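Let's take a stroll through a protein model, starting with its hollow spaces. Have a look at the picture before reading on.

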Amino acid sequence: MSANLLTDTPIIAFTILLTVIFTVPPIFERLRLPGLVGLLLAGVILGQSGLKLLDPDSDTITLLSDIGKVYLMFVAGLEIDIEQFRKTKNRSIGFGILTFLVPMIAGIMVGRLFDFSWNASVLIGSLLASHTLLAYPIVSRLGVVMNEAVTVTIGATIFTDTGALLVLAICVGIHNGEFTTLSLLTLLGGLAIYSIIVLFGFDWLGKEFFRRSGDEQSNQFLFILLALFLASVGAQIIGVEKIVGAFLAGLAVNDVLGRSPVKEKVEFMGSVLFIPCFFVDMGLLINIPAFIKTLSSFWLTLFIVLALIGSKFLAALFAKLIYRYNTAELLTMWSLSLPQVAATLAATLVAYQTVNGANERLIDEGVLNSVIVLMLVTAILGPIITARFAASLQLPQAELDTDSLAIWWGNADEQLVEENHYPFTVLVPIYNPQTQRYLIEMAALLARHESGRIMPLAIAQAHVHMDDPQLGIALEKSQQRLKLAKDISQEFDVQVLTAIRIDDDVALGISRTSREQNASLVLMGWSRTTGLRARLFGNVIDSVFWSSHCPVAVARLLNSPGTIHRILVPVGDLMPQTVGALRFAQILADSNQGEVVLLHVCAMNTPAPLIEQFTSQLSDIVANSQVQVNIEIKTIRDDDVAKAIIREASAFDLAVLRAVRYRTTGGFAVSEVTTQVINELTCSIVLLGASHS
């Protein structure tokens, strides 16, 4: 079969793309390189400069790349945290203006220095003005997201990305023909009206549709996709690039989706399939001889890279001086705003493919290649700097004031709790006889300590007819399980209230019952023989994590909770969720006259003052606790966090861990540290997830 046939056959081209997306990113991530770098390289190898197996001009590649391009900007809009933006709106706008204008001016100067037209120079400036929050998972894992400098930088993204896309729309319009003041005003007026329709109209329609469709996630998913492509088509109709519409659509449905499972599915679809196709297509466009020629006369590339790095630092420095941030906050803001991936690459591709009547491109191949080098440099440099300096950030004191158990247990209506209408309640869904007894025992220990109650819950799957014999059998089995649960509970002298619910969705049945009873904690079980990833994604436990109003604890108990005396709590940050894990361990230890060890694993090169500062803050939290048990704080240096935790846990009865998620090129994953720890621990485990809110 000839190479031409491979190129011309859509199904073969699509198969090659899937193979690349499936195999390449994991290999590069194992090499500690971004997966998207591997996709770009694969595109170069498979393109016209390499094996010529894929043609960037083929209908298949063009379609998938276009979808990936709009999906990339749509996800960029979705990932902007509107709530965080509202908290620090003024400062976010201030830093947004700085980190937009300073790089844009620097880019214009570089463009003019290399004899580009004013229009192309402004476009180059806009390419440097936006930023991608590539290092967000790092600040999330470090637990410093609530630091004001981080929040301000995240909020500034909405300003820089929107501004860069508006400049792109104007520059493309100017390049495509006679562009008068009237046509400019017409474009801006149309864009303003279109933006209002998308931002407010799609938001209203989305909320109405989600309210009426209830739990029909498939229809909700299709509605979000329809909103994305309608906005993209609408942008083209008014004469601007479709990625502008995609970004606005992401902002519009941001509030609608929140943190729902539908949002995860939408992002998952893009990050697994369409967005990787876009990066492969970017690689296909790289002409190796031209790329080498660009680098051989590398001054343009060097000036663009230095202009971006220097101007982003200057913008962060101005913000430091204006808002009186410290050096660690300055460097974190700089590193977070450094990576140029999503908006930059999408806009660059649009500008490169924009050809006017004289057959002139808006930007030439040299700029395209320079931006790709810029992306590689900043995508690697930004996260490295973030990981180095974000660990030094401090949280506002209010974030650490979780001395009362009631704060973390997060009852939705504390007044009802105080009036004893809803006492401290541990909801225990029971469906696995192998884990049932130990779960009930743990729930009883927690409830007795808090003078509360436990609620064993059995869910019977709904059927169309309520007199269906299968439903009757399911209800009978549920009654038997609940009777056993009640007998176990009575051994601990704790109030028990059993419940049966008929529901077509087990996870939502659990979450709805916990909300109706104002539960303080949902305690679920999973067995050792079930893989963590399989248990946490796309199943009951995962859905309960997403939808619950209160904390969720997933336990793998190897022995009776009454025999647990030594409890290990790995502490990587001082987020309220971590303090909640400490409180959980304290209650259990106090019930069994046990002890708790707080383990902090830091990198080998962590400065001693930082370790002392962290330990001091942790000691203050322990000292302010209402539950007085024997607590030891242990700090060890080790670059392999997972191995250190596994090694230390060998002497303990129970490890209390937090469920931490992060995004990868291939979608969502549980923290690699958590995954490895759970797979290799030989003691009992409790995995804690905070409520959806």
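The structure holds two cavities of 30 Å³ or more. A cavity here is a set of points on a 1 Å grid over the protein atoms alone where a 1.4 Å probe fits but cannot get out, while a pocket is an open set with protein on both sides within 12 Å along at least five of seven lines; lining residues have an atom within 4 Å of a point. For a volume, grid points are joined across faces, edges and corners, and the space filled by probe spheres set on them is taken.

Before going further, keep in mind that this is a predicted model: local features need pLDDT of at least 70 and side-chain atom pairs count only at pLDDT 80 or more, though totals for chains, interfaces and linings use all residues. Residues are numbered from 1 along each chain as its sequence is written, and side-chain values use heavy atoms, with hydrogens and water left out.

**The second largest cavity and pocket**

The second largest cavity offers about 30 Å³ of space. Around it sit Leu17, Ile61, Leu64, Ser65, Cys277, Val280, Asp281 and Leu284. Helices α4 (59-79) and α14 (261-284) each give at least two of the lining residues, and α14 has the largest share, with four. (Helices are DSSP runs of H or I with at least four residues, strands are runs of E with at least two, and both are numbered from the N terminus.)

Now for the second largest pocket, which is lined by 17 residues; Ile158, Leu199, Leu248, Leu251 and Ala252 lie nearest its centre. Five helices turn up with at least two lining residues each: α5 (82-87), α9 (148-175), α10, α12 (242-252) and α13 (254-257). The most comes from α12, which gives five residues. Its volume is about 410 Å³.

What classes of residue line the second largest pocket? There are eleven nonpolar, three polar and three charged residues. The cavity lining has six nonpolar, one polar and one charged. In this scheme Ala, Val, Leu, Ile, Met, Phe, Trp, Tyr, Cys and Pro are nonpolar, Asp, Glu, Lys and Arg are charged, and the others, Gly among them, are polar.

**A buried aspartate**

Is Asp203 buried or exposed? It counts as buried because its relative accessibility is 16%; buried means under 20% relative accessible area, exposed over 50%, and partly exposed in between (1.4 Å probe, protein chains only). Asp203 lies in helix α10 (residues 181-213). Leaving out residues up to four places away in sequence, Asp203 touches Val198, Ala252, Asp255 and Val256, where a contact means heavy atoms within 4.5 Å.

**Two unusual backbone angles**

Most residues other than glycine have a negative phi. Here are two with a positive value:

| Residue | Phi | Loop |
|---|---|---|
| Asp115 | near 65 degrees | between α6 and α7 (118-129) |
| Ser451 | near 55 degrees | between α23 (433-449) and β2 (453-461) |

Asp115 counts as exposed, because its relative accessibility is 70%. Ser451 is exposed too, at 67% relative accessibility. Asp115 comes just after α6. That helix, residues 89-113, has 25 residues and reaches 36 Å from its first C-alpha to its last, close to the 36 Å expected at 1.5 Å a residue.

**The whole chain**

Stepping back, the chain has 31 helices and 13 strands. Of its 693 residues, 56% count as buried.

Conventions
Expected span 1.5 Å × (residues − 1).
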